[in-house]
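Work through the following exercises with the sequence and the model side by side, and try each task before reading its solution.

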Amino acid sequence: MQKTNRAYGYVTVLWELGSTVPSLFSHTAAYKTWHNLPSGLFWKSFVDPSWAPLPIRPFLRYLSGRDSHGDAWNFCHYWSNFEIADMDWFRSPQYKKFFQALDKAGGIY
C-alpha cells in the first residue's frame, strides 16, 4: 500500500441486500453531489448506468437508490473481515466531514 500510495485495502466486494442499508447509498450519493466529488472508477463500480434517454435521466434522481445522474445502485459494496487502512485517512478532515454528514442524516445504521 505504501509503494502505491493507497489509504485503504479490503478483501472482497459483494452484493448487498438493499433492505440492510436502505439509505446509505442515497446519503452517500447526495454528499458526493453536494461536494462536487468526481465519479471515479470505484464509484462507477457501484452503479448501473441509467437506460433512460437524457431528457428523462435527471428525474430518475428522485427515485430511491439513484444518484444525481439517475444511475442506480447495483447493491455492490465492499465488505471484509480483513482490512488494512492508513489511519491518517480516517482522521482526515474529508473523512470526518463525510462521516459527520452521514451521522447527521441518521437512520443509516
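**Exercise 1.** Which residues make up the largest nonpolar core of the protein?

Solution. Keep in mind that this is a predicted model. Begin with the members that come early in the list, which are Val21, Phe25 and Ala29. Then add Trp43, Phe46 and Val47, and finish with Trp73 and Cys76, which brings the core to eight residues in all. As a further step, take Trp43 and leave aside residues up to four places away in sequence: Trp43 then touches the core members Phe25 and Ala29, and also Thr28, Lys32 and Asp67.

**Exercise 2.** Describe the order of helices and strands along the sequence.

Solution. Count the elements to begin with: the protein has five helices and four strands. Next, read them in sequence order, which gives the pattern β-α-α-β-α-β-β-α-α.

**Exercise 3.** Find the salt bridge and explain what it ties together.

Solution. A search of the whole structure finds one salt bridge, and its partners are the side chains of Arg57 and Asp71, at 2.5 Å from N to O. Because Arg57 lies in helix α3 (residues 57–60) while Asp71 lies in the loop between α3 and β3 (72–73), the pair ties together parts that are 14 residues apart in sequence.

**Exercise 4.** Are Arg57 and Asp71 buried or exposed?

Solution. A residue counts as buried when its relative accessible area is under 20%, and both Arg57 and Asp71 are buried. For the protein as a whole, buried residues make up 28% of the 109 residues.

Notes
Residues numbered from 1 in each chain as written. Predicted model: local features only at pLDDT ≥ 70, side-chain atom pairs only at ≥ 80, totals over all residues. Heavy atoms only, no water. Salt bridge = Lys/Arg side-chain N within 4 Å of Asp/Glu carboxyl O. Helix = DSSP H or I, 4+ residues; strand = E, 2+ residues; numbered from the N terminus. Buried < 20%, exposed > 50% of the residue type's maximum accessible area, 1.4 Å probe, protein only. Core = buried A, V, L, I, M, F, W, Y, C linked by side-chain atoms within 4.5 Å. Contact = heavy atoms within 4.5 Å.
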